[in-house]
Amino acid sequence: MTAANGLSDLSSEMEVDAFRRLFPLRYHEQHLLKSVRPDARKLGSARDTTVALGLANSTDQLLLYYLFSGVVQTYICIFAAGAVASADGSALAKIGSTTMLAAIKMEVMTPTVESPDEGSLAIEFHMPPICSPLVRPGRPADVASVISKQLSDTILSSGMIDLKELCLVGGKAAWMAYLDIYCLDADGALFDAALLSAVAAFSHLNIPVVSLNDDGRIVLVSEDTVQLKLEKEPVNTEKRKLKLNSPPFSLTCILHKNYILADPIAEEESIMETVVTVVLDSSYQLVSLYKPGGPILGHTSIIQDCVALARQRVKELQNVLNEAISDMEID
Amino acid sequence: MEVDRKDGRTANQLRPLTCSRNVLNRAHGSVSWSQGETKVLAAVYGPNAGTKKNENPEKACFEVIWKPKTGHVGKAEKEYEMILKRTVQSICVLNVHPNTTTSIIIQVVNDDGALLPCALNALCVALVDAGIPLKHLAVAICCCLADSGDILLDPSKLEEQIMKAYVYLIFPNSTLSVLPEESLKVIGEPMEHGLIASSTHGVMSVDDYIGCLERGRAATAKLSDFLRRRLQSQFQIDPSKLG
């Protein structure tokens with residue numbers, strides 16, 4: 001066909017970058033034929049993942065400089081020091097270029113009548129315009145609401161947090177944990193990075209010490225008064241850590257013809273439309289298998305391959321998280 | 001294993017299905033679909049000229065608007081809209097009407113469990129009623145997993161809340177073709193065994209999920225038959241009425 005000949009003439013003369021922009025699908029397919037991806041990864045391998053705990057506190061700004069470079073770092077420092085200077089738990093997770101900052105703030109509130117001995121979690125995912133040229137200020141991206149809901153469902157149904165641990169005084173006071181996750185750079189696999197940052201933030205969380213004052217209200221016991229003798233006994237002794245039972249980890253894969261690509265970048269996600277997200281907990285139980293439509297059908301063999309890739313990823317992510325926790329404890 | 005279900009159904013039995021087409025006279029396609037007590041109204045308007053901002057103008061664009069029975073439109077509604085939109089994009093022939101937008105509105109009339117599957121089934125019939133070109137239909141089913149490991153199909157709201165986990169599954173419609181079966185297979189399996197979409201709630205083992213997939217597939221054959229019969233019967237018009 002003359003059209004195809006025309007294309008191939010054009011492609012032989014063109015520079016690689018131009019070819020990548022004009023014919024993205026053909027560019028990626030040529031890589032897939034050799035079982036590799038444009039960034040030299042194998043089809044089933046994920047990008048480099050790092051987690052840093054406790055970033056949204058004023059003392060850890062040096063870490064911020066270490067992790068970022070260029071213009072982005074000025075934005076991050078202003079953002080972290082101003083908005084999240086006193087978060088009770090925070091974490092920064094990076095998968096390749098995708099960056100998520102999670103912060104948890106705790107507030108005392110009265111529990112509901114149906115569950116008087118349980119606290120609650122409010123999970124919110126934000127995509128500020130800094131993360132991607134496709135997100136403009138004003139109308140929030142649709143993707144943000146969907147990921148926010150997926151995160152709430154996954155964290156609550158996986159049973160990672162036992163809400164009874166968040167109770168202070170049965171029927172009268174319980175903790176409400178506000179988890180906010182900000183996407184700082186959207187380069188594919190947003191849900192994976194967001195879930196990882198959420199789990200890391202919960203691992204870092206220090207529940208503040210509170211005590212009951214004369215009016216019967218719960219007050220925060222600040223750092224200074226802990227040194228002096230307290231008039232009232234604190235309701236929860238020492239800053240406590242939450243116990244996480246089998247935290248969930250996820251892997252997003254893209255299906256294209258017969259290939260399964262793990263951990264896609266934004267460019268791959270935009271040209272190959274079928275996405276499958278598998279969330280497994282530490283005992284390899286399936287917390288969620290999310291496939292929101294797409295032209296490629298998921299036959300059982302493909303689903304099982306995705307689950308096998310997710311299993312490997314769970315091991316990698318557990319190691320990354322444990323290293324980050326032990327780094328933080330050394331500090 | 002015998003399972004006691006409140007309404008006396010067996011584990012594999014679906015709730016009674018009813019479907020009425022062309023219920024709204026302004027919409028290009030509309031249907032009122034119910035599965036037991038769950039009732040959904042779907043309307044299709046389109047194709048209308050122009051595509052939305054970040055969409056590809058060489059293909060037809062779809063927008064899905066989900067209206068809950070009560071309350072504001074929140075994140076759950078946005079999630080349903082996204083799943084339905086992506087499913088619709090995979091079943092419609094997108095290059096017949098390029099640079100057009102087709103709006104699909106789903107109005108929940110009553111929610112008694114398996115809401116997303118009900119909405120998807122309604123949506124497919126509404127698309128056929130509007131005459132939008134489709135490659136094949138999609139059928140959706142909800143499977144839930146009891147603590148004992150039994151898999152129940154098409155749960156009611158009460159059952160969804162007490163079960164350990166439930167899964168919404170969307171499969172392509174079974175094909176009725178003059179071509180020999182072998183040529184229609186993809187990876188050695190018939191096309192209707194593929195999964196278009198899946199959304200799970202609750203923790204289950206991977207084997208349980210594969211079990212749900214198989215049960216779901218078997219049940220979609222019944223749904224496909226029902227759809228085929230309902231959609232064909234509209235066209236048996238009385239020949240004496242023709243001019």
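**Cavities, cores and a covered strand**

Author: Welcome! A volume of about 40 Å³ belongs to the largest cavity. Please keep in mind that this model is predicted.

Reader: How many cavities of 30 Å³ or more does the structure hold, and what makes such a space a cavity?

Author: There are 2 cavities of 30 Å³ or more in the structure. The word "cavity" is used because a 1.4 Å probe fits there but cannot get out. The largest cavity is lined by residues of chain B, including B:Leu14, B:Leu17, B:Gln35, B:Asn121 and B:Leu223.

Reader: B:Gln35 also belongs to strand β2 of chain B. Why is β2(B), residues 29–35, described as largely enclosed?

Author: The cut-off for buried is under 20% relative accessible area. In β2(B), 7 of the 7 residues are buried, so the strand is largely enclosed by the rest of the structure. Neither face is left uncovered: B:Gly29, B:Val31, B:Trp33 and B:Gln35 are buried on one side, with B:Ser30, B:Ser32 and B:Ser34 buried on the other.

Reader: How do you know that β2(B) pairs with strand β1 of chain B?

Author: Pairing requires at least two bridges between the strands. Strand β1(B), residues 17–21, shares 5 bridges with β2(B), in the antiparallel sense, so the two count as a pair. Within this pairing, B:Cys19 and B:Trp33 stand opposite each other.

Reader: And which strand is joined to β2(B) by 7 bridges?

Author: That is β3(B), residues 38–49, which runs antiparallel to β2(B). Here the residue opposite B:Trp33 is B:Val40. The hairpin of β2(B) and β3(B) has 2 residues between the strands, and B:Gly36 has a positive phi near 65°. Further along, β3(B) also contains B:Pro47.

Reader: What makes the peptide bond from B:Gly46 to B:Pro47 noteworthy: is it cis or trans?

Author: This bond is cis, and its omega is near -5°.

Reader: B:Trp33 keeps coming up. Which residues touch the most other members of the largest nonpolar core?

Author: B:Trp33 is one of them, along with A:Phe125, A:Met127, B:Ile106 and B:Tyr209, in a core of 149 residues. Helix α10(A), residues 300–330, supplies the largest share of this core, with 12 residues. Domain 1 (28–205 + 242–329) and domain 2 (207–241) of chain A each contribute at least three residues to this core. A second, separate core has 5 residues, among them A:Leu32, A:Leu43, A:Leu261 and A:Met272. In soluble globular proteins, nonpolar side chains tend to be buried together.

Reader: Why is A:Met272 called buried or exposed?

Author: Its relative accessible area is 1%, which is under 20%, so A:Met272 is buried. A:Met272 lies in the loop between α9 (266–271) and β11 (274–280) of chain A.

Reader: Why is A:Ser246 not called buried, and what is its relative accessible area?

Author: A:Ser246 has 25%, so it falls between the 20% and 50% cut-offs and is partly exposed. A:Ser246 is in the loop between α8 (223–227) and β9 (249–256) of chain A. Its phi is near 40°, a positive value in a residue other than glycine.

Reader: What is phi of B:Ala114 near, and is B:Ala114 buried or exposed?

Author: For B:Ala114, a residue other than glycine, phi is positive and near 55°. Its relative accessibility of 1% is under the 20% cut-off, so B:Ala114 counts as buried. The loop that holds B:Ala114 runs between β5 (100–110) and α2 (115–130) of chain B.

Notes. Residues numbered from 1 in each chain as written. Chains lettered and ligands numbered in written order. Predicted model: local features only at pLDDT ≥ 70, side-chain atom pairs only at ≥ 80, totals over all residues. Heavy atoms only, no water. Buried < 20%, exposed > 50% of the residue type's maximum accessible area, 1.4 Å probe, protein only. Helix = DSSP H or I, 4+ residues; strand = E, 2+ residues; numbered from the N terminus. Core = buried A, V, L, I, M, F, W, Y, C linked by side-chain atoms within 4.5 Å. Domains from an automatic or database assignment. 1 Å grid on protein atoms, 1.4 Å probe; cavity = no way out; pocket = protein on both sides within 12 Å on 5 of 7 lines; lining within 4 Å. Points joined across faces, edges and corners; volume = space filled by probe spheres on them.
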